Amino acid sequence: MTGQKVMNRWLVVAGGILVQICLGAIYAWSAFTGKLTAEPFKFTKTETQIIFSLGLLSFAVVMALVAGKWQKKVGPRIVAITGGLVLGAGYVLAGLAGTSFWGILLGVGLLGGAGIGLGYVCPIAALVKWFPDKKGLITGLAVAGFGFGALIWVKLTSGFKFGPLDLTPGWKGLYGMEWSVNNVFILYGIIFAVLVVVGSLVMVDPPAGWKPAGWDPPTGAAAASSGGIDFTAGQMARTPQYWILFLTFLVGAAAGLMVIGIIQLFGMDALVSAGVAKEKATVIVGTAFGLFYALMNALGRIIWGILSDKMGRKKAIICMSALQGLMMIAFYFIGNNEIGLYFASALIGFNFGGNFALFPAATADYFGNKSVGTNYPWVFMSYGVGGVFGPILGGLMGDAKAWMWAFVPTGIGCIVMALVATRLSTPKAPTAPAS
């Protein structure tokens with residue numbers, strides 16, 4: 001079926017990137033934390049991280065329990081469209097919630113995360129089927145949109161002139177007038193819903209039996225190590241390879257998500273305590289996350305994906321995890337000056353982004369290309385666990401003014417799992433065929 005007329009597969013890439021750009025708004029949360037700890041909200045640092053953590057947990061749980069199986073039954077388009085509408089509705093609800101912690105928790109945290117969980121797996125599942133010949137590269141490109149979304153939404157958010165609480169939508173705010181945090185939530189909710197629906201229109205699977213021109217599926221032992229043998233989720237969960245991937249992703253997610261959640265809070269504390277003026281510190285911290293972390297987060301998804309196609313998924317995971325562990329420990333000690341903050345933010349963002357190219361590709365390699373849409377959500381559950389542990393640990397240590405005990409343990413965890421990942425190998429084929 002190679003020669004049949006089908007959709008240009010790069011259109012699916014473009015639609016997937018557009019969807020992921022909107023879903024990546026969750027990583028712009030740090031741009032709101034400073035506003036939410038001030039008047040009129042007065043949330044604690046820990047409360048800001050609870051909202052973020054619930055969003056991450058909802059993201060992972062909905063992806064695992066709902067999105068994976070649903071997109072297999074009805075295709076990725078319907079599931080992605082639903083995700084965009086739920087995400088948009090969550091942000092609009094948060095905008096209408098005023099200064100209510102519970103309202104914003106429900107809107108941005110629970111519903112926003114659920115919408116992301118519905119949409120996120122759809123481009124990955126579809127594109128692995130369209131590009132079995134370039135899995136590392138294509139998963140990197142697919143999720144790079146998520147990273148670039150963080151960059152876009154952080155910069156856009158920082159461009160608003162925030163004013164007092166006002167639930168009346170103020171479109172004139174785009175032209176220099178004051179906006180409230182709530183109005184920005186409403187605006188973003190509308191934008192997310194519209195753009196995700198547009199990107200989802202080309203989110204379809206290739207026809208049964210289709211393969212890229214000039215590419216032949218590997219056979220024999222090569223097939224077993226390149227996604228030719230499909231596991232069910234239950235079969236996958238009974239392998240040590242699954243648990244190594246799960247735990248390695250968990251500590252990597254905890255480290256990167258903690259930095260996303262608290263970089264503004266930690267950066268301000270560290271810089272001001274080192275004698276940097278508050279106004280200058282605000283600019284430095286905004287640049288560290290809004291430019292260095294967000295940009296390298298996006299690039300890391302592409303570059304680590306390409307590297308993994310060349311050096312192998314196992315070696316890439318080991319190198320990325322070990323480097324991340326070293327940088328997390330170093331961040332606490334060098335984050336109190338401008339250059340150190342930029343350098344550490346860039347490398348941590350780069351390695352964190354790599355997780356989202358390497359782990360879906362590794363899941364496809366070990367447990368089957370065709371089953372990645374249902375299997376990867378269960379690997380990705382580790383992201384939800386890490387998203388609770390990392391940011392809340394950071395918030396608690398921030399409130400306790402004990403930042404070292406946020407960075408050092410997560411760094412050690414990454415190094416330990418890099419060592420454990422040296423045990424990765426192709427799993428034995430399941431005794432019964434995957435259904």
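**Surface patch, cavities and salt bridges in a predicted model**

Let me begin at the surface, where Ile190, Val194, Leu195 and Val198 together make a nonpolar patch of about 300 Å². Before I go further, please keep in mind that this is a predicted model, and that what I describe today is computed from it. Within the patch I would like to pick out Val194, which is found in helix α7, the run of residues 181-200. Is Val194 buried, exposed or partly exposed? Its relative accessibility is 48%, and because the exposed class begins over 50%, Val194 counts as partly exposed.

From the surface I turn to the inside. Rolling a probe the size of a water molecule over the atoms shows where empty space is left. By this rule the model has three cavities of 30 Å³ or more, and I will describe two of them, starting with the largest, whose volume is about 50 Å³. Its lining is made up of Thr248, Val251, Gly252, Met320, Ser321, Gln324, Asn351, Phe352, Asn355 and Phe359. Three elements each give two or more residues to that lining, namely α10 (240-273), α12 (313-334) and α13 (338-367), and among these it is α13 that gives the most, with four residues. As for character, the lining of this largest cavity divides into four nonpolar residues and six polar ones, with no charged residue.

The second largest cavity holds about 40 Å³ of space, and the residues around it are Ile26, Trp29, Ile51, Phe52, Gly55, Tyr91 and Val108. Which helix gives the most to this lining? That is helix α3, residues 45-74, with three residues. Here the division is six nonpolar residues to one polar, and again there is no charged residue in the lining.

That brings me to the charged side chains, and in particular to the salt bridges, of which the structure holds five. I will take some of them in turn, together with the accessibility of the partners.

One of them joins Glu39 and Lys42, whose closest N and O atoms are 3.8 Å apart. Both ends of this pair are exposed, since the relative accessible area is 60% for Glu39 and 55% for Lys42.

Another salt bridge is formed by Lys45 with Asp269, with the closest N and O atoms 3.2 Å apart. Lys45 lies in helix α3 whereas Asp269 lies in helix α10, so this pair ties together parts of the chain that are 224 residues apart in sequence. Lys45 is buried, at a relative accessible area of 18%, while Asp269, at 28%, is partly exposed. Helix α3 has therefore come up twice, as the helix that gives the most to the lining of the second largest cavity and as the home of Lys45.

Finally, Arg313 forms a salt bridge with Asp309, and there the closest N and O atoms are 2.9 Å apart. Arg313 is buried, with a relative accessible area of 11%, whereas Asp309 is partly exposed, with 38%. This pair does not stand alone, for Asp309, Arg313 and Asp365 are linked in a network of salt bridges.

To close, then, I would ask you to look at three places in the predicted model: the nonpolar patch that includes Val194, the largest cavity with its lining from α10, α12 and α13, and the network that links Asp309, Arg313 and Asp365.

Technical notes: Residues are numbered from 1 along each chain as its sequence is written. This is a predicted model: local features need pLDDT of at least 70, side-chain atom pairs count only at pLDDT 80 or more; totals for chains, interfaces and linings use all residues. Side-chain values use heavy atoms; hydrogens and water are left out. Patches are made of residues with over 30% relative accessible area and no salt bridge: like charges are joined within 9 Å, nonpolar side chains (Val, Leu, Ile, Met, Phe, Trp, Tyr) within 5 Å. Accessible areas come from the Shrake-Rupley method with a 1.4 Å probe; for residues, only the protein chains shown count as cover. A salt bridge is a side-chain nitrogen of Lys or Arg within 4 Å of a carboxyl oxygen of Asp or Glu. Buried means under 20% relative accessible area, exposed over 50%, partly exposed in between (1.4 Å probe, protein chains only). On a 1 Å grid over the protein atoms alone, a cavity is a set of points where a 1.4 Å probe fits but cannot get out, and a pocket is an open set with protein on both sides within 12 Å along at least five of seven lines; lining residues have an atom within 4 Å of a point. Grid points are joined across faces, edges and corners, and a volume is the space filled by probe spheres set on the points. Ala, Val, Leu, Ile, Met, Phe, Trp, Tyr, Cys and Pro count as nonpolar, Asp, Glu, Lys and Arg as charged, and the others, Gly among them, as polar.
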